[in-house]
Amino acid sequence: MHEPRALIGPFAPALSVDVEEWYHNCWAPDYVDPERRPRLPEELDALLPRLAELLSEAGARATFFVLGELADRIAPRLRELVGAGHEIACHGWHHFRANDLKPEEFLRQIGDSKRRLEDLTGRVVLGFRSPEWSLRNPANPRFRLVAAAGFAYDSSLVPAPLAGSRANPDRPVRFEWDDGHKLIEIPPLTWGGRLRLPAGGWCGRCASPAWILAAVRSALRRGALPLLVVHPWELVDRPCPGLLTGFARFFHDAGRFGFRDRFRTVLAASPWRPIADRVAVSTGATASERPIAPPQSALAWHSGAPFG
């Protein structure tokens, strides 16, 4: 890998949506694996238009990371989103953690998903995000395969412990490999200062709008790109329509009550746009760049030494 280069703004806030059903929860493997999945209620066909209306009311547009297994079923909704100016990106084929797939299977599935989404929408799919941000760090051999599959950018490396690593970049970074593959990493926003809590999932739902917006302002001052993450099922003020237990239920339901109103407040505070609108990923013409010193070994990606 060549020396990574940080992209320095000014940038503006970007919004992303992980398009998955309520049961696409890595802590519920019997639901994630379609060969083991029982018959379950499906909500996306109803939830996506509601979310699109919410965004339209706020004058916001977003990048929608879509699971390939859902693409045919919700194809009319995807075309509606494209028509409204949203970006369609790839979330893999099934909601498997990246490391649960052998590298060659990972490459096949993300390539299949990219091609299917492009066929259905008529648009080039530039971006990828692994389920549960499960690439974890740039030392994962599957990270290079995202570039090999033809994606221009990735948004899987959270600069936070557990979900990712404190050593992950906290701003857009360009990676390049000796074989010529290139990839821009655009990490999700974190909040809480040195705690680095993801501004998505249950951590994001439990945060007040003031805390999230303070993190947005902080990222902008540093020349970073604040990227928010939401899911359609998070914006419904009721329990999930099926059975989840243990960690799966906690991660699904924590902070759900009142989140729609909190999200409205965050939407109203900034001009949210898709990732591809904020970084010219299709042409390579981006904000200014400067070299950064990556950790010296794969183990160092977990050492807490941040990009900067």
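Me: Which element gives the most to the lining of the largest pocket?
Reply: That is α7, with 4 residues. Keep in mind that this is a predicted model.

Me: How much space lies in that largest pocket?
Reply: About 720 Å³. Of its 33 lining residues, E132, W133, G201, W202 and F251 are the closest to the centre.

Me: Which elements give two or more residues there?
Reply: β10 (197–198), α7 and α9 (246–253).

Me: And how does the lining divide into nonpolar, polar and charged?
Reply: There are 15 nonpolar, 9 polar and 9 charged residues.

Me: What about the second largest pocket, how much space lies in it?
Reply: About 250 Å³. The lining has 18 residues, and L189, T190, W191, S218 and R222 lie nearest the centre. β9 (190–191) and α8 (209–221) each give two or more residues to this lining.

Me: Where does the largest share of that lining come from?
Reply: From α8, which supplies 3 residues. The whole lining splits into 11 nonpolar, 4 polar and 3 charged.

Me: Switching to cavities. How many of 30 Å³ or more turn up?
Reply: A search of the whole structure finds 3. The largest has a volume of about 120 Å³. It is lined by 15 residues, with G204, I212, L228, F259 and F263 closest to its centre.

Me: Which element gives the most to that lining?
Reply: α10, with 4 residues. α7 (201–206), β11 (227–230) and α10 (259–269) each supply at least two. So α7 helps line both the largest cavity and the largest pocket.Me: What is the volume of the second largest cavity?
Reply: About 70 Å³. Among the residues lining this cavity are H91, W93, F106, Q109, I110 and F128. The lining counts 7 nonpolar, 4 polar and no charged residues.

Me: Which helix gives the largest share of it?
Reply: α5, with 3 residues.

Me: Staying with α5, at what angle does it cross α6?
Reply: Roughly 30°. The axes of α5 (residues 103–121) and α6 (residues 141–148) come within 10 Å. The crossing is right-handed.

Me: Which residues meet there?
Reply: P103, F106, L107 and I110 in α5 meet R142, L145, V146 and A148 in α6. These residues divide into 7 nonpolar, no polar and 1 charged. F106 and I110 also line the second largest cavity.

Methods
Residues are numbered from 1 along each chain as its sequence is written. This is a predicted model: local features need pLDDT of at least 70, side-chain atom pairs count only at pLDDT 80 or more; totals for chains, interfaces and linings use all residues. Side-chain values use heavy atoms; hydrogens and water are left out. Axes are lines fitted to C-alpha atoms, for helices over the stretch in contact, and angles run from 0 to 180 degrees between N-to-C directions. A crossing is left-handed if the near helix is turned anticlockwise from the far one by less than a right angle, and right-handed if clockwise. Contact means heavy atoms within 4.5 Å. Ala, Val, Leu, Ile, Met, Phe, Trp, Tyr, Cys and Pro count as nonpolar, Asp, Glu, Lys and Arg as charged, and the others, Gly among them, as polar. On a 1 Å grid over the protein atoms alone, a cavity is a set of points where a 1.4 Å probe fits but cannot get out, and a pocket is an open set with protein on both sides within 12 Å along at least five of seven lines; lining residues have an atom within 4 Å of a point. Grid points are joined across faces, edges and corners, and a volume is the space filled by probe spheres set on the points.
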